[in-house]
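Trainee: I should like to go through this structure with you, element by element. May we begin once it is displayed?

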Amino acid sequence: MFRKAYIMIWESDTLETLVPSSLVQALKKQKYHLVGEHSAVKRCRWLYETIIHDRPCYKQKFYGIKTHQCIQMTPALFYCTQQCLFCWRAQSGDLGATWNEMKLPKWNSPEKIVEGSIKAQLKILSGYKGNPKTNRQKLKEALTPRHAAISLTGEPTLYEPIGELIKAFHRRGFTTFLVSNGTVPSALAELSEEPTQLYISVCAPDKETYMQVCRPQIPKAWEKLNKTLELLPSFKCPKVIRITSVRGLNMKNVEGYSKLIEKANSTYVEPKAYMHVGFSRLRLSYDNMPSHSEIREFAMRLAKETGYNIIDESKESRVALLSRLEKSIRFDEHGFCRK
Ligand code: SF4
Ligand code: SF4
């Protein structure tokens, strides 16, 4: 990947000038912890599950990252190039609040975002101290976060110094999983630091379905996504094609998916069920949520078409893991691979 030198003057817009205050209030009500003017941390439900019920998330099962040491965050809370039907984020127009999702702000510095995210996570964790069911050892370890899931909402590659943000997390000993919709190939081509693992969401097997399900807000988005897939083989880190699978919308045309997967030659493919949560409830119905057996059946069809094998799955998260590897690459707490 190319290295890009940043000379940036870090200035900030105020939150009030960026988005309607009703949106900020709605997000706070949904327990988003705002960081600076355009970033946020939100407690993942699996943080609660692992600390209280000893049930870690599927990414701990698949890749070894520790659920209780994970920060779920985004540097682009209000900004995205798509308006996917299945998205849990508040999109312009939801709740009557409108803003321009492509009018990017003056960016906060990566350091400010990393420090603010850790602070927000510690605040979230403080709520567990008084809970008698808390696993004390896990809570103690959780106070030193080690993993950043750069994925919460929005398109993180719109945050211009995304490589520097990844670097700032890595400097603190974090592993990073970056989740992108792939519509900004130039940002990925110029990343100054690769994430520990890179996810590209491919939620349609063809352009027609893409326009219907992902509702791009920029021209030539499908072509840009395809360009990103062509770029993927140049990345050294493990790469994942994520298919958020919606019953009745995009669980079809496995031949189309297979061509895209072949182009990307990704390490993994993760078909995962759409979950009827957050603001997606305004756009889709409960019936759009596939069961795990439907995900498994879809994964089997993908496996047959691509030559990948199903190497793992998680019933409770309704996700399957496909790969040409025999087993997934796992990361210890310092980001080293254990094959
Ligand atoms: S890796 Fe994802 S699912 Fe697991 S705890 Fe972090 S945000 Fe939640
Ligand atoms: S790309 Fe991600 S953040 Fe953007 S609308 Fe789709 S699901 Fe939401």
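Mentor: Helices and strands here are DSSP runs, numbered from the N terminus, with at least four residues for a helix and at least two for a strand. In those terms, Leu191 belongs to the loop between helix 8 (185-189) and strand 7 (197-201). Please bear in mind that the model is predicted.

Trainee: Is Leu191 buried or exposed?

Mentor: Residues under 20% relative accessible area count as buried. Leu191 has a relative accessible area of 3%, so this loop residue is buried.

Trainee: How far apart in space are Leu191 and Ser39?

Mentor: In sequence, 152 residues separate Leu191 and Ser39. From C-alpha to C-alpha, the distance in space between Leu191 and Ser39 is 19 Å.

Trainee: Which residues of helix 11 are buried?

Mentor: Helix 11 covers residues 254-264. In an α-helix there are 3.6 residues a turn, so residues three or four places apart point the same way. The buried residues of helix 11 pack against helix 10 (221-231), strand 8 (239-245), strand 9 (268-273) and helix 12 (292-306). The buried residues are Val254, Gly256, Tyr257, Ser258, Leu260, Ile261 and Ala264.

Trainee: What is the relative accessible area of Tyr257, and with which residues is Tyr257 in contact?

Mentor: Tyr257 lies in helix 11 and is buried, with a relative accessible area of 1%. Tyr257 and Val202 are 55 residues apart in sequence, yet their C-alpha atoms are 8.2 Å apart in space. Leaving aside neighbours within four places in sequence, the contacts of Tyr257 are Val202, Cys203, Ala204, Pro205, Ile243, Asn250, Lys252, Phe298 and Leu302.

Trainee: Which residue follows helix 11, and what is its phi?

Mentor: Most residues other than glycine have a negative phi. The residue that follows helix 11 is Asn265, and its phi is positive, near 45°.

Trainee: What are the phi values of Arg215 and Lys220?

Mentor: Arg215 lies in the loop between helix 9 and helix 10, and Lys220 is also placed in the loop between helix 9 and helix 10. Arg215 is partly exposed, with a relative accessible area of 30%, whereas Lys220 is exposed at 60%. Neither is a glycine. Phi is positive in both, near 40° for Arg215 and about 55° for Lys220.

Trainee: With which residues is Asn288 in contact?

Mentor: Asn288 is found in the loop between strand 9 and helix 12. Its relative accessible area is 15%, so Asn288 is buried. Apart from neighbours within four places in sequence, Asn288 is in contact with Val246, Arg247 and Tyr274.

Trainee: How many aromatic pairs does the structure hold, and what is the geometry of Tyr79 and Trp107?

Mentor: The structure holds 14 aromatic pairs. Tyr79 lies in the loop between strand 3 (70-74) and strand 4 (92-95) and Trp107 in the loop between strand 4 and helix 5 (110-126), so their pair ties together parts that are 28 residues apart in sequence. Tyr79 is buried at 1% relative accessible area, and Trp107 is buried at 8%. The ring centres of Tyr79 and Trp107 are 6.1 Å apart and the planes are at 85°, so the pair is edge-to-face.

Trainee: What is the geometry of the pair formed by Tyr210 and Trp222?

Mentor: Tyr210 lies in helix 9 (residues 207-213) and Trp222 in helix 10, so this pair ties together parts that are twelve residues apart in sequence. Tyr210 is buried, with a relative accessible area of 1%, and Trp222 is buried, with 12%. With 5.3 Å centre to centre and 50° between the planes, the pair of Tyr210 and Trp222 is tilted.

Trainee: Which residues do ring pairs link into a cluster?

Mentor: Ring pairs were introduced above through two examples. The cluster that ring pairs link consists of Tyr58, Phe62, Tyr63, Phe177, Tyr199, Tyr268 and Phe331.

Trainee: Which residues line the second largest cavity?

Mentor: The structure holds three cavities of 30 Å³ or more, and the second largest has a volume of about 40 Å³. By class, its lining has seven nonpolar, one polar and one charged residues. The lining residues are Leu23, Leu27, Tyr32, Leu77, Phe78, Arg89, Ala90, Trp99 and Thr153.

Notes:
Residues numbered from 1 in each chain as written. Chains lettered and ligands numbered in written order. Predicted model: local features only at pLDDT ≥ 70, side-chain atom pairs only at ≥ 80, totals over all residues. Heavy atoms only, no water. Buried < 20%, exposed > 50% of the residue type's maximum accessible area, 1.4 Å probe, protein only. Contact = heavy atoms within 4.5 Å. 1 Å grid on protein atoms, 1.4 Å probe; cavity = no way out; pocket = protein on both sides within 12 Å on 5 of 7 lines; lining within 4 Å. Points joined across faces, edges and corners; volume = space filled by probe spheres on them. Nonpolar A, V, L, I, M, F, W, Y, C, P; charged D, E, K, R; others polar. Phe/Tyr/Trp six-rings, centres within 6.5 Å; stacked < 30°, edge-to-face > 60°.
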